Amino acid sequence: MSLRLQLNLIVTAMLGIFASVLIGLQIDNIRRSVHEEVVGANVVATQLLSRMQWVYGASGLEGMAGFLAQVGRIRANEVELRDEQDALIYRSPPPVYKAGRTSPQWYNQMVATPLEPQEIRLPNGRLILRADPSRAILDGWDDLSPMLWMVLAGFVLGNALVYALVGQVLRPLHRVMHGLRQMAEGDYATRMADLSGREGRLVSSAFNHMAQSVQDSIEAKRQAKAATQALAENRELTQTIQGRIELERAAISRELHDELGQQVTAIKSVGLAIARRAAGSDATIEQSARLVMGCADQIYDSVHRLISQLRPLALDRFGLHDALRDMLADCQLHHPGVRLNFDMPQPLDGLDDALATAVYRIVQEAMSNALRHAQAQRIDVRVRASDTVLRMELVDDGVGRVGQWQSVGHYGVSGMRERAQALGGSFDLDQMEPAGVRVRVHLPLKMKIKPVET
C-alpha cells in the first residue's frame with residue numbers, strides 16, 4: 001500500500017467518523033422531536049375524546065361516528081370506533097399532509113417511538129386511539145435527506161481533494177525514489193536538486209550527503225582493494241626478490257668458500273713452506289713468510305665471517321637449529337661479556353627453506369640491533385613450533401626504545417616485518433620494562449612437526 005493511499009485512507013476514516021457523528025446527532029434530535037410531538041398529540045387527543053361522552057349520550061354510536069367524521073383526522077393519531085361486538089363503525093381517514101409518501105423503513109425503525117394504544121370505554125362500544133408518528137417521521141426525513149446528500153457530496157469531494165493534495169505533497173518523494181533507484185543501479189554520482197519547503201530541503205540535503213558518502217565509500221573500497229592487490233603483488237615480488245637474493249648469496253658464499261678459501265689455504269701453505277726452508281738460514285725471509293701466513297689467517301677469518309653473513313652453510317647442511325646455534329656462538333665469541341640464552345627444543349627437520357631463511361635473518365637482524373644499537377648485556381632467543389605455527393621470540397635488556405627502532409632510516413625493522421608478512425605471518429615489537437625490547441614473530445607452518453622425544 002502506497003503512502004499516498006495510506007494517508008488518504010486515514011483522512012477518509014476521519015471524515016467518515018465526523019460525518020457519522022454529525023448524522024447520528026441529527027437523527028437523535030429527530031427522534032426526540034418525533035417522540036415529543038407524538039406523545040403530546042396523543043395526550044391531547046386522549047383528553048379531548050374522553051370528554052365527548054355527551055355526544056354519545058345524545059345520539060349513541062352513530063352520533064359519535066358523525067362527530068368524529070366532522071372532526072376529521074387528528075394529527076399524529078388514528079381513531080377507531082367499535083361497537084360491543086368489536087365491529088368497526090368508524091376509522092380516521094388517511095392523512096392528507098404529504099399524502100402518498102413514506103420515509104424509508106430503516107429510518108422509521110431508528111426514530112419511531114412505539115406507544116401503547118389508548119382505549120376509551122363507552123356503554124355500547126369503545127374508542128381506540130393509536131399514535132401515528134409517520135408524518136412527523138416524514139418531516140424529519142425531509143429535513144435529513146438534504147443533509148445526507150450534502151454530507152455524501154462533501155465526503156466524496158473532500159476525499160478527492162485530499163487525494164489530489166496528498167499526491168501534490170508527496171510528489172518530491174518520487175524524485176527521491178528515482179534517485180535511490182539510480183544509486184541502486186550503480187550511478188553513485190546521482191545528486192538531487194533542492195526540493196520545495198523546509199522539510200524538502202532537509203531531505204534533498206540528506207540524500208545528497210548520503211550519496212556523497214556512498215560514493216566516497218565505494219571509491220575508498222576500490223582504492224583499498226587496489227592497494228591490497230598492489231600490496232599482495234609487492235609482497236610476492238619482495239619474496240621473489242628475497243629468494244633470488246638468498247640464492248645469489250648462497251652462490252657467492254660457495255664461490256668464496258670453494259675458490260677464495262682454497263687460494264687462501266694455498267697461500268698459507270706456501271708461506272709455511274718458505275718459513276720452514278728459511279728457518280735457521282735467513283731470519284728476514286722466515287719473518288716475512290710468517291707475516292704472510294698471519295695475513296692469510298686474517299683473510300680466512302674475514303672470508304669465513306663474510307660467508308656466514310651471506311649464507312650460513314649450516315643452514316643448508318644441518319638446518320635452522322644448528323645455524324642459529326652457530327650464529328649465537330659466533331656472537332658470543334665477538335661479544336664475550338653478553339649472556340646469550342638459546343631455547344629451541346625441536347630441530348624442525350624438513351622446514352621450508354624460505355621459512356627457515358626468514359627466521360634466521362630475523363634473528364640475525366634483531367641480534368645486530370640489540371648488540372650494536374641497544375648495548376644489550378643479555379639476550380634470550382626462543383623458538384617454538386606447533387602443528388600450524390612457528391613462534392620466535394627475542395628479548396634483550398638494552399637501552400633501545402621501540403620508537404627508535406621504528407623511526408625513519410631504520411630499515412632493519414621494516415625488513416623483518418616484511419619478511420614475516422610476506423610469508424603470511426605477523427611481526428610485533430614490544431617495549432619491556434624497565435628496559436629492553438621484545439621481538440615476536442608468528443609464521444604459519446605447512447608441515448607437521450614431530451613431537452620431541454624424551
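Two strands are taken as paired if DSSP finds at least two bridges between them; helices (H or I, at least four residues) and strands (E, at least two) are DSSP runs, numbered from the N terminus. The model is predicted: local features need pLDDT of at least 70, side-chain atom pairs count only at pLDDT 80 or more, and totals for chains, interfaces and linings use all residues. Residues are numbered from 1 along each chain as its sequence is written, and side-chain values use heavy atoms, with hydrogens and water left out.

**View 1. Pairing of strand 1 with strand 2.** Strand 1 (residues 77-83) runs antiparallel to strand 2, and three bridges join them. Leu81 has Tyr90 of strand 2 as its bridge partner.

**View 2. The open sheet of four strands.** The strand order is 2-1-4-3, with antiparallel pairing. Strand 2 (88-91) and strand 3 (118-122) each have a single partner strand, so one side of each is left without a neighbour in the sheet. From one strand to the next, the twist averages 15° (axes are lines fitted to C-alpha atoms, for helices over the stretch in contact; angles run from 0 to 180 degrees between N-to-C directions).

**View 3. Helix 1 across the strands.** Helix 1 (residues 3-50) lies across strand 1, strand 3 and strand 4 (125-131), and runs at about 165° to strand 4.

**View 4. Surroundings of Leu394.** Beyond its neighbours within four places in sequence, Leu394 is in contact (heavy atoms within 4.5 Å) with residues including Val363, Met367, Ile379 and Val439.
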